[in-house]
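User: Please take a close look at one part of this structure, the helical core and the residues around it, and describe it in one connected account.

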Amino acid sequence: MPFTREEKTKIIEAYAQKPGDTGSTEVQVALLTERINRLSNHLNANPKDMSAKRGLLMLVGQRKRLLRYLQKTDEERYKALIEKLGLRK
């Protein structure tokens, strides 16, 4: 199920570095994380949906690349984002 406009703007506002920021790494990772969570719930209900599984794996890989980039460029922003999203245990 895709985002509604309100849900997407709420996520963007929560993770934006400055007003009008929609493309920063933090915003992209937050949006991907929300999509990953929704797809995970879908796959729990529909375990034979292989195209959704492939899409989930692609999204996880994209998020992983963005997080690796953020970790290389700015360690503090990376740690703050991981903590805020609750990705690492």
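Analyst: The account below begins with one residue and then turns to the core and to a pair of helices.

This is a predicted model, in which local features need pLDDT of at least 70 and side-chain atom pairs count only at pLDDT 80 or more, while totals for chains, interfaces and linings use all residues. Residues are numbered from 1 along each chain as its sequence is written, and side-chain values use heavy atoms, with hydrogens and water left out.

T33 lies in helix α2, which covers residues 25-45; helices here are DSSP runs of H or I with at least four residues, numbered from the N terminus. With a relative accessibility of 6%, T33 counts as buried, a term for residues under 20% relative accessible area, whereas exposed means over 50% and partly exposed lies in between, all with a 1.4 Å probe and protein chains only. A polar atom of the T33 side chain is 2.7 Å from the backbone oxygen of V29. Leaving aside residues up to four places away in sequence, T33 touches R63, L85 and L87, where contact means heavy atoms within 4.5 Å. For T33 and R63, which are 30 residues apart along the chain, the C-alpha atoms are separated by 7.5 Å.

V29 and L85 also appear in the largest nonpolar core, which has 20 residues and in which Y15, V29, L67, L81 and L85 have the most contacts; such a core is a set of buried Ala, Val, Leu, Ile, Met, Phe, Trp, Tyr and Cys residues joined through side-chain atoms within 4.5 Å. Two or more residues of this core come from each of α1 (5-15), α2, α3 (50-73) and α4 (75-85), and the largest share, seven residues, is that of α2. Y15 touches S24, E26, V27, A30, L81, K84 and L85, again not counting residues up to four places away in sequence.

Two packed helices are described by the angle between their axes and the distance between the axes. For α3 and α4 the angle is about 135° and the axes are 5 Å apart, the axes being lines fitted to C-alpha atoms over the stretch in contact, with angles from 0 to 180 degrees between N-to-C directions. The two helices α3 and α4 are therefore oblique to each other, since angles under 35 degrees count as roughly parallel, over 145 as roughly antiparallel, 65 to 115 as roughly perpendicular and the rest as oblique. In this contact, L67, L70, Q71 and T73 of α3 meet E75, R77, Y78, L81 and I82 of α4.

Technical notes: A polar contact is a pair of N or O atoms within 3.5 Å; within protein, one must be able to donate a hydrogen and the other to accept it, and residues adjacent in sequence count only if both atoms are side-chain atoms.
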